[in-house]
Amino acid sequence: MSLINNLGLGIILALVLSKTKFFKSLILNRRIGAVEKIALCCIFGSLGIMATYTGVPVKGALANFRAIGVVVGGMLGGFWVGLGAGLLAGIHRWAIDIGGFTAVACAIATVLEGAIGGIAARYVKNSSYKWLKAFMVTVLSQMVQMAIILVVAKPFEQALDLVKLIALPMITINSIGSALFMLIIEGIFAEQQRIGASKAHLALRIANKTLPIMRNGFNEVTLEKVAKIILSMTGVAAVAFTDKSKILVHLGAGADHHKPNNNILTDATRKALQTRKYQVASNHSEVGCRHDGCRLNSAVIVPLFVRKEIIGTMKLYSEETNGIDEVDIELAQGLAHLFSTQMELSIIDEQARLLEKAELKALQAQINPHFLFNAINTIVSFCRTKPDEARSLLIHLGDFFRKNLNTIKDFVSLNDEIEHIKSYVAIEKARFGDKLKVEYDIGNIKCKIPPLTLQPLVENAIKHGLLGKAGGGIVKVSAFYHKDEIRILVEDNGIGIEEGKCKNLLKPEESNKGIALLNINSRLKNAFGNAYGLEIKSKPGYGTTVCVRVPAVKRSEVA
């Protein structure tokens, strides 16, 4: 019962620790350097030390929950963190005056427990149910501790008597404690994922509104419109854009002295321009604004590029010290990549002319924001390493835009629809490589179909059929005559669809996920009659086939 009471104290401490910004930043840091590892060693080693002081005296020894801190520390921070925390808590256990006859054995065991947690880290890093893994690892580490007490502590009879008494409660309580601690840590990651998902959705919404505006170039008028959108849709205190020497736009807090056409005021912005890398200013001193009364106390500054040349920066400010976190940085980088790439796209005359003719509503209605976001980021990643491929992808992206925006026509040729698919596939292959293969067998068949009939089917085959399958697979687009109609097949060898779901995909009253399929099927029936449309066949584990049935026409009618 005393152990349970002490464990409750430890869990409360873990909850309080999990709410601190410092601990969250350490746990969420993707790149743990030497400084972060030392900090984690100190935190989890201190938890072990606290467990020693709150231990329950039992027959010349201490029953405690010291294993929780060092095991969880190792599982979160890796081998060196676990070993460091174990050494810190273990040496303390040996050195204090209340050591008892198990001091040396417990010190050795504590070090090994931390090392066991660190070794386990590499196997549970990306796995689910980490709390269960923590439970099992702690069971193992506590069994090792009991074995060490039997081997090292003297006299053996006293050690054996002690182990018989404390083994079961210590193994049980420490293991439950580690599982609870890991659940608390997983809560931090879950919270970060929720925030990240929200910010990603926010970035897409901002992109939808700002990308058409950014087509008009990098100038004060365009940037002011973009800054207003960002400021209204985010919780930042201020938004600013600069060129390489002066402020172009600054909206929000500090606008009274961060005025357009003034020279750049902040040191962090100058550093971002010099290093060509994003900068984070965590406090007012790092922001570097020398104006008295400036309320801007932290910021993220991201460079903007066009064809590898830096043209300026985008800055998101906060009025709080340390007000910029990892999610804010990713949001700023994502927006900067989008803006930079959009400006590169605007330089290409043909794509620019096509985009200028597009209406915003058509763009928003036809282009999937997730695909656009991923495509642009893929192209950005290629701009430096594979410029020729990036240029080719830009052309494909432009073709894809053109086909999407060319939906004012009632019908397009089968060849045009195939070219639309090829533009889409070229961009997706750049992301997924050899996992994705697409084959075409159209032959000399010619017909006209409603626009955006086949491309969404291929997209569905890739996203819902192949990407969920280990190793990817193949999509095949084929066409042939069947009696007095033409049948166009989009087949994949992906994961397939359950029979019950497959039957409901084309039922408006029962389907809640097949909106694209319903739309295509409806347009086909409206164009050609109820005898035509889509047919879907699928077998889980083997793939899906979607058949597009349209009436055959005379060759002269297709020209």
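Salt bridges come to 9 in this structure, which is a predicted model. A few of them are worth walking through one by one.

Take aspartate 161 and lysine 59, whose side chains meet in a salt bridge with N and O 2.6 Å apart. Aspartate 161 sits in helix α8 (residues 156-214) and lysine 59 in the loop between β1 (56-58) and β2 (61-63), so this contact ties together parts of the chain that lie 102 residues apart in sequence. Neither end is tucked away: aspartate 161 counts as partly exposed because its relative accessibility is 35%, and lysine 59, at 46%, is likewise partly exposed.

A second salt bridge joins glutamate 319 to arginine 295, with 2.9 Å between the closest N and O atoms. Here both partners come from loops: glutamate 319 from the one between β7 (309-318) and α12 (326-347), arginine 295 from the one between α11 (284-287) and β6 (298-306), so the pair connects parts 24 residues apart in sequence. Glutamate 319 has 35% relative accessibility and therefore counts as partly exposed.

Things look rather different for glutamate 485 and arginine 549, since both are buried. Their side chains form a salt bridge too, at 2.9 Å from N to O. This one runs from strand to strand, with glutamate 485 in β12 (residues 485-492) and arginine 549 in β14 (residues 543-551), distant parts of the chain 64 residues apart. The pair doesn't stand alone, either: Glu485 and Arg549 belong to a network of salt bridges that also takes in Arg487 and Glu535.

What holds for the strands around this network? β14 pairs with strand β13 (residues 533-539) in the antiparallel sense, over 7 bridges. Glutamate 535, a member of the salt-bridge network, has cysteine 547 of β14 as its bridge partner. Between β13 and β14 there are 3 residues, making the two strands a hairpin, and glycine 541 in the turn has a positive phi of about 90°.

Helix α18 (residues 455-466) gives a quick geometry check. With 12 residues at 1.5 Å each, it should span 16 Å, and its end C-alpha atoms are 15 Å apart, which agrees. How much of α18 is enclosed? Of its 12 residues, 9 are buried, so the rest of the structure largely encloses the helix. The buried set runs from Gln455, Pro456, Leu457, Val458 and Glu459 through Ala461 and Ile462 to Gly465 and Leu466.

Technical notes
Residues are numbered from 1 along each chain as its sequence is written. This is a predicted model: local features need pLDDT of at least 70, side-chain atom pairs count only at pLDDT 80 or more; totals for chains, interfaces and linings use all residues. Side-chain values use heavy atoms; hydrogens and water are left out. A salt bridge is a side-chain nitrogen of Lys or Arg within 4 Å of a carboxyl oxygen of Asp or Glu. Helices (H or I, at least four residues) and strands (E, at least two) are DSSP runs, numbered from the N terminus. Buried means under 20% relative accessible area, exposed over 50%, partly exposed in between (1.4 Å probe, protein chains only). The expected span of a helix is 1.5 Å times one less than its number of residues. Two strands pair if DSSP finds at least two bridges between them.
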